[in-house]
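Subject: Handover of a structure for your review

Dear colleague,

Please find below the sequence and structure that I am passing on to you. My findings follow directly after it.

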Amino acid sequence: MDYRVIANLFLLLFLGVADNQVIAALLPSFVDSFKVTVSVAGLLVVVYSIAAAAAAFVSGVLSDHYGRRWFLRAGVALFALASWFSAHATSFASLTAARCLTGLAAGTLSTCAVAFAGDWFPYAVRGRAIGLISSAYFVAPIVGVPAAAFIAQRYGWRQAFFVFALLAFVVVLISLTLPREQPNPQPSKEKLRSTLRSFRSFLGRRDTSAALGIACLVSGGLVGFITYIGQWLNTRFAVSTGTIALIFAFAGAVAVVSAPVGGILSDQMGKRTASIAGSVVMGLAVAFIPFLHWGALLLLVFGATSMGAAFRQGPLTALMTELVPGTQRGTFIALRNISSQLGIGAAVFAGGILYQAHGYAAVTTLCAVMTALVAVLLATHIVEPQPTVEEIR
């Protein structure tokens, strides 16, 4: 197990995830600062998602031919610049533009980090490796979100983005230690033909087309639920930004334990089985959240939501990286991330409308249905790949 690679990919994912998740904690601040509605403030996530989808397409396809490392380094450098612009935004329009730029960077990082992991680690141990890497999705609520929320509450939300810019600069330096990969050189015309053939193949196959649908539902169901929970807690229970951040930290602590456990167990019980189990737990928990009163039970159910999402993250990602050959992995992960971002954009946009019209229960119902469909598609359309004899040895 190459822990140098795991550490690099963890940090790269952590940046984008923490930056994106902090929006949920800061949403009330944006509403107050710019005098916009909740649904309008939610457009920050929609714009981010569209930009991330575009970047995923370009970086994923090109990284199959030129390697992932260059795109990871360029992505984190762009992230630092975009965070600096966010820190200096003086209007909702300028903040939206900065978030669009951040989305371009994050889309590149998430696509190429996952593809790099798929290239580097054999399938027999990939659940464990990606479980550790993807714990970045859940360390973010423990470290990144509370820290940013505390800074925002005390010094203003612009300073929170300034901290992200500084952290990204440090990660730029760390990324210089990423090992060199072996790109897949092809003549330019052959690259285009190969990419077009790959697209047709992915959309025509039962398993890969279902995997793209799963990616849409997984991300949309999770981010749609998270985006408006801070506003709901603030409006219904008068919970402050700092307390919301602590709730995210609690959920993140549960997830940090669940993510590597899910990855390790999935190498034994099967990635598909672990992914289904996590989706069922998360879907049930999401459905119950809005009907609970403020107190310990609400926190426990929120923790169960986090546990289910984290438990399935590594197995599901490892499973998807094995559905296609390594020479097509970046292209497929790009399509997967595009589908994810479109799911996020659609869920957050629809969630904003539902929240305004019918309250948070309507949002969680949508997200619970999306999560349940993930389990159904996994059970009916995906076959567990088998590791090769060499990987088992």
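In which loop is A238 placed? The residue A238 sits in the loop between helix 11 and helix 12. Please note that the model is a predicted one. A238 is not a glycine, yet it has a positive phi of about 55°. At 63% relative accessibility, A238 counts as exposed, because the threshold for that class is over 50%.

K35 also deserves a mention. Its phi is positive, near 55°, and K35 is a residue other than glycine. K35 belongs to the loop between helix 1 (3–34) and helix 2 (38–41), and with a relative accessible area of 71% it is exposed.

A loop residue that is buried is S175. It is located between helix 9 (157–174) and helix 10 (188–204). The relative accessibility of S175 is 1%, and the residue therefore counts as buried, the limit being under 20%. Leaving out residues up to four places away in sequence, S175 touches N8, R73 and V76.

I turn next to helix 15, which covers residues 329–358. Its 30 residues, at 1.5 Å a residue, should span 44 Å, and the C-alpha atoms at its ends are 41 Å apart, which agrees. Of these 30 residues, 21 are buried, so helix 15 is largely enclosed by the rest of the structure. G359 follows the helix and has a positive phi, near 95°.

One residue of helix 15 is I344. I344 is buried, with a relative accessible area of 6%. When neighbours within four places in sequence are set aside, I344 is in contact with V45, S49, S219, G220 and V223. In addition, I344 and A215 are separated by 129 residues in sequence, while their C-alpha atoms are 9.8 Å apart in space.

The packing of helix 6 against helix 12 was also examined. Two packed helices are described by the angle between their axes and the distance between the axes. The axes of helix 6 (residues 123–134) and helix 12 (residues 241–269) come within 7 Å and cross at roughly 175°. Since angles over 145 degrees count as roughly antiparallel, helix 6 and helix 12 are therefore roughly antiparallel to each other. On the side of helix 6, the contact is made by Y123, A124, V125, R126, G127, R128, G131 and L132. Helix 12 contributes A259, P260, G263, I264, S266 and D267. By class, the residues of this contact divide into 7 nonpolar, 4 polar and 3 charged.

Finally, there are the aromatic residues. A search of the whole structure finds 15 aromatic pairs. One of them is formed by W232 and Y360, which are stacked, with 5.0 Å from centre to centre and 25° between the planes. This pair links distant parts of the chain: W232 is in helix 11 (residues 206–237) and Y360 is in helix 16 (residues 360–381), 128 residues apart. Both partners are buried: W232 has a relative accessible area of 6%, and Y360 has one of 3%. Ring pairs also join W232 and Y360 with F225, Y228, F237, W294, F302 and Y355 into a cluster.

Yours sincerely

Definitions and conventions
Residues are numbered from 1 along each chain as its sequence is written. This is a predicted model: local features need pLDDT of at least 70, side-chain atom pairs count only at pLDDT 80 or more; totals for chains, interfaces and linings use all residues. Side-chain values use heavy atoms; hydrogens and water are left out. Helices (H or I, at least four residues) and strands (E, at least two) are DSSP runs, numbered from the N terminus. The expected span of a helix is 1.5 Å times one less than its number of residues. Buried means under 20% relative accessible area, exposed over 50%, partly exposed in between (1.4 Å probe, protein chains only). Contact means heavy atoms within 4.5 Å. Axes are lines fitted to C-alpha atoms, for helices over the stretch in contact, and angles run from 0 to 180 degrees between N-to-C directions. Angles under 35 degrees count as roughly parallel, over 145 as roughly antiparallel, 65 to 115 as roughly perpendicular and the rest as oblique. Ala, Val, Leu, Ile, Met, Phe, Trp, Tyr, Cys and Pro count as nonpolar, Asp, Glu, Lys and Arg as charged, and the others, Gly among them, as polar. Rings of Phe, Tyr and Trp (its six-membered ring) pair if their centres lie within 6.5 Å; planes under 30 degrees apart count as stacked, over 60 as edge-to-face and the rest as tilted.
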